[in-house]
Amino acid sequence: PPEPRALYQWYGDGRTVSRIEIDVDTQKAVFYDGPHQIGWSMVASGLRSNPTPTGTFAVTEKIAKKRSNLYGKIYNSKGKLVRRNAERGVHPIPAGGRFEGAKMPYFMRLTNDGIGMHAGPIPKPGRPASHGCIRMPYAMAPILYQHVDHGTPVSIVGKGPSYASYLAAQRRKPKRGAPSARPEGAE
């Protein structure tokens, strides 16, 4: 049988990541220390319905144990799962029930409205799969988190909306019981 496709490589030897380049067309991130590539990772960026914006960003916040405040699961009053892939403000929560945000471990924020990088499933390497964030393999995310500082530049390129176009589209989305802008930690 063919070998499974590698999802990442790290050869940073304790070096700090000075910049990150993410290509949403190839679904790949490359990590640099100065001019030297010190690793790469397959990623899962946003689907067409919830695209990842392109542009130049910087890591503004790091939270090791983050949960989404927009996407997750809904449980009834007895703790039974009644809806997976729920969106807060869109899917009703039964009386006495609760919403539990999706885990977004090793979250590194890129925008004020919730776009960031974090650990998550890469169900079909080379294809988008998220609600807008950049997912990395679970084994790679803590390595990158450890080697990235606040302010690290992140360039996102490829076929996708510019951040300005992305924001304009977010404002035009119908309000479905939620604020007009994406809440923090939106994935």
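Aromatic rings in a predicted model

Phe57, Tyr163 and Tyr166 form one aromatic cluster, and this cluster is a good place to begin reading the structure, which is a predicted model. A pair of aromatic rings is described by the distance of the centres and the angle of the planes. Counted over the whole structure, there are 4 aromatic pairs.

We can start with Trp10 and Phe31, whose ring centres lie 6.4 Å apart with 55 degrees between the planes, an arrangement that is called tilted. Because Trp10 belongs to strand 1 (residues 8–10) and Phe31 to strand 3 (residues 28–33), this pair ties together parts of the chain that are 21 residues apart in sequence. As for their surroundings, Trp10 is partly exposed, with a relative accessible area of 22%, whereas Phe31 is buried, its relative accessible area being 0%.

Returning to the cluster, the rings of Phe57 and Tyr163 have centres 5.5 Å apart and planes at 85 degrees, and since planes over 60 degrees apart count as edge-to-face, this pair is therefore edge-to-face. The pair also links distant parts of the chain, for Phe57 is found in strand 5 (residues 55–58) and Tyr163 in helix 2 (residues 163–172), 106 residues apart. Phe57, at 10% relative accessibility, counts as buried, while Tyr163, with a relative accessible area of 23%, is partly exposed.

Aromatic rings can also be looked at together with charged side chains. The charged end of Arg19 sits over the ring of Tyr32, at 3.8 Å from the ring's centre, and Lys62 lies over the face of Tyr145, 4.5 Å from the centre of that ring.

Conventions. Residues numbered from 1 in each chain as written. Predicted model: local features only at pLDDT ≥ 70, side-chain atom pairs only at ≥ 80, totals over all residues. Heavy atoms only, no water. Phe/Tyr/Trp six-rings, centres within 6.5 Å; stacked < 30°, edge-to-face > 60°. Helix = DSSP H or I, 4+ residues; strand = E, 2+ residues; numbered from the N terminus. Buried < 20%, exposed > 50% of the residue type's maximum accessible area, 1.4 Å probe, protein only. Lys NZ or Arg CZ within 6 Å of the ring centre and 35° of its normal.
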